[in-house]
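Q: I am new to this structure and would like a close look at one part of it, followed by an account of how the rest is laid out. Please take it slowly and explain any term that the reasoning depends on.

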Amino acid sequence: MKITIGKAADNDFVADHAEVSRHHACLVREDDGGYTLEDLGSTNGTFVNDVQIVRKRIAAGDRIRLGDSYEIKLKDLLNAANDYSEEFAALKPIYDNYIREKIRIQSSNQFKTRLFQALPFAIPGIIGVLIGFAGKGSATWFAVSLLITVCAPIIGIYFGAKQSAKIPEQLQELTNRFKIDYVCPKCGTFLGEIPWESLKRKKQCPMPTCRARWSAE
């Protein structure tokens with residue numbers, strides 16, 4: 001990939017500034033993924049971190065200046081070439097965390113729901129039966145055992161249903177955050193729940209008005 005920089009309209013990055021030559025410099029993507037900035041014989045020079053260069057490998061944090069005062073960032077040059085591969089790569093952990101958290105919410109709440117519903121049928125029921133045997137012949141003990149045996153499952157079902165009701169709310173909150181974060185870095189369109197790897201294989205945004213490149217390959 002090669003991005004030309006200058007005042008002329010045929011450049012990839014047009015810099016309409018008095019100190020910028022018509023074809024001032026160019027940015028080249030190397031085979032290893034790095035970037036090299038090269039001066040194209042400009043009148044006022046190309047500078048990296050205030051040092052004039054002819055050809056120099058640069059990084060994201062370097063200060064690029066054309067002439068005495070026109071400053072530009074590496075990110076702006078890459079965006080001019082419609083290259084959003086770095087920003088798109090940052091979406092992978094967002095998708096992975098969303099899926100992981102979604103599974104955690106569903107499994108955790110389902111376990112708690114079943115626990116609330118199952119235990120009242122087991123432990124209190126057994127206790128009720130034991131109390132019934134211990135107080136054999138006693139109407140009071142029989143009433144207590146009957147109350148425990150009948151009420152415990154009802155209470156368990158109530159708390160189980162209450163726990164189950166939390167799932168949609170938690171999932172909706174998670175989805176709302178996901179819709180804000182999992183978007184095309186250029187046009188901001190939500191990418192749905194399509195796996196990140198599948199989107200990477202498409203190599204660009206599906207929106208006709210965007211077509212941001214997601215892969216530098």
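A: Two strands are said to pair if DSSP finds at least two bridges between them. By that rule β3 and β4 are a pair, for five bridges join the two strands in the antiparallel sense. The model in front of you is a predicted one, and every value below is computed from it.

The part to look at closely is the sheet around β3. In general, the strands of a sheet pair through backbone hydrogen bonds, and they may do so in a parallel or an antiparallel way. Along the boundary between β3 and β4, R29 has Y35 of β4 opposite it. These two strands form a hairpin with five residues between them, and in this hairpin G33 takes a positive phi near 95°. Strand β3 (residues 25-29) is also joined to β1 (residues 2-6), by four bridges, and these two strands run antiparallel. Two positions let you follow that pairing in the model: I3 stands opposite L27 of β3, and A25 of β3 is the bridge partner of I5.

Seen as a whole, the sheet is open and made of five strands, in the order β2-β1-β3-β4-β7, with mixed pairing. The two strands at its edges are β2 (13-14) and β7 (55-58), and because each has a single partner strand, one side of each is left without a neighbour in the sheet.

It helps to place this sheet in the chain. The protein has nine strands and five helices, and reading along the sequence gives the pattern β-β-β-β-β-β-β-β-β-α-α-α-α-α. Of its 217 residues, 35% count as buried. Among contacts with a separation of 6 or more, 45% are between residues 24 or more positions apart. The accessible surface comes to about 13,100 Å², and 58% of this belongs to carbon and sulfur atoms.

Following the chain out of β4 (35-39) leads into the loop between β4 and β5, where S42 is found. Is S42 buried or exposed? S42 has a relative accessible area of 13%, and since buried means under 20%, S42 counts as buried. The side chain of S42 makes a polar contact with the side chain of H24 at 3.2 Å, and the side chain of S42 also reaches the backbone nitrogen of G45 at 3.1 Å. If neighbours within four places in sequence are set aside, S42 is in contact with S21 and H24.

A little further on, N49 lies in the loop between β5 (46-48) and β6 (51-53). N49 is not a glycine, yet its phi is positive, at about 55°, and with a relative accessible area of 29% N49 is partly exposed. A positive phi near 70° is also found at K203, again a residue other than glycine. K203 belongs to the segment after α5 (196-202), and its relative accessibility of 40% makes it partly exposed.

Turning to the rings, the charged end of R65 sits over the ring of F47, 4.3 Å from the centre of that ring. The structure also holds seven aromatic pairs. One of them is the stacked pair of F88 and W214, with 4.7 Å from centre to centre and 0° between the planes. This pair links distant parts of the chain, since F88 lies in helix α2 (residues 85-89) and W214 in the segment after α5, 126 residues apart. Both F88 and W214 are buried.

Another pair is that of F178 and F190, which is edge-to-face, with centres 5.8 Å apart and 90° between the planes. F178 is in helix α4 (residues 139-181), whereas F190 is in the loop between α4 and α5, 12 residues apart. The two rings differ in how they are covered: F178 is buried, at 3% relative accessibility, while F190 is partly exposed, with a relative accessible area of 31%. Both rings also belong to a cluster linked by ring pairs, made up of Y95, Y98, F178, Y182 and F190.

Definitions and conventions. Residues are numbered from 1 along each chain as its sequence is written. This is a predicted model: local features need pLDDT of at least 70, side-chain atom pairs count only at pLDDT 80 or more; totals for chains, interfaces and linings use all residues. Side-chain values use heavy atoms; hydrogens and water are left out. Buried means under 20% relative accessible area, exposed over 50%, partly exposed in between (1.4 Å probe, protein chains only). Contact means heavy atoms within 4.5 Å. Accessible areas come from the Shrake-Rupley method with a 1.4 Å probe; for residues, only the protein chains shown count as cover. A polar contact is a pair of N or O atoms within 3.5 Å; within protein, one must be able to donate a hydrogen and the other to accept it, and residues adjacent in sequence count only if both atoms are side-chain atoms. Rings of Phe, Tyr and Trp (its six-membered ring) pair if their centres lie within 6.5 Å; planes under 30 degrees apart count as stacked, over 60 as edge-to-face and the rest as tilted. A charge sits over a ring if NZ of Lys or CZ of Arg is within 6 Å of the ring centre and within 35 degrees of the ring normal.
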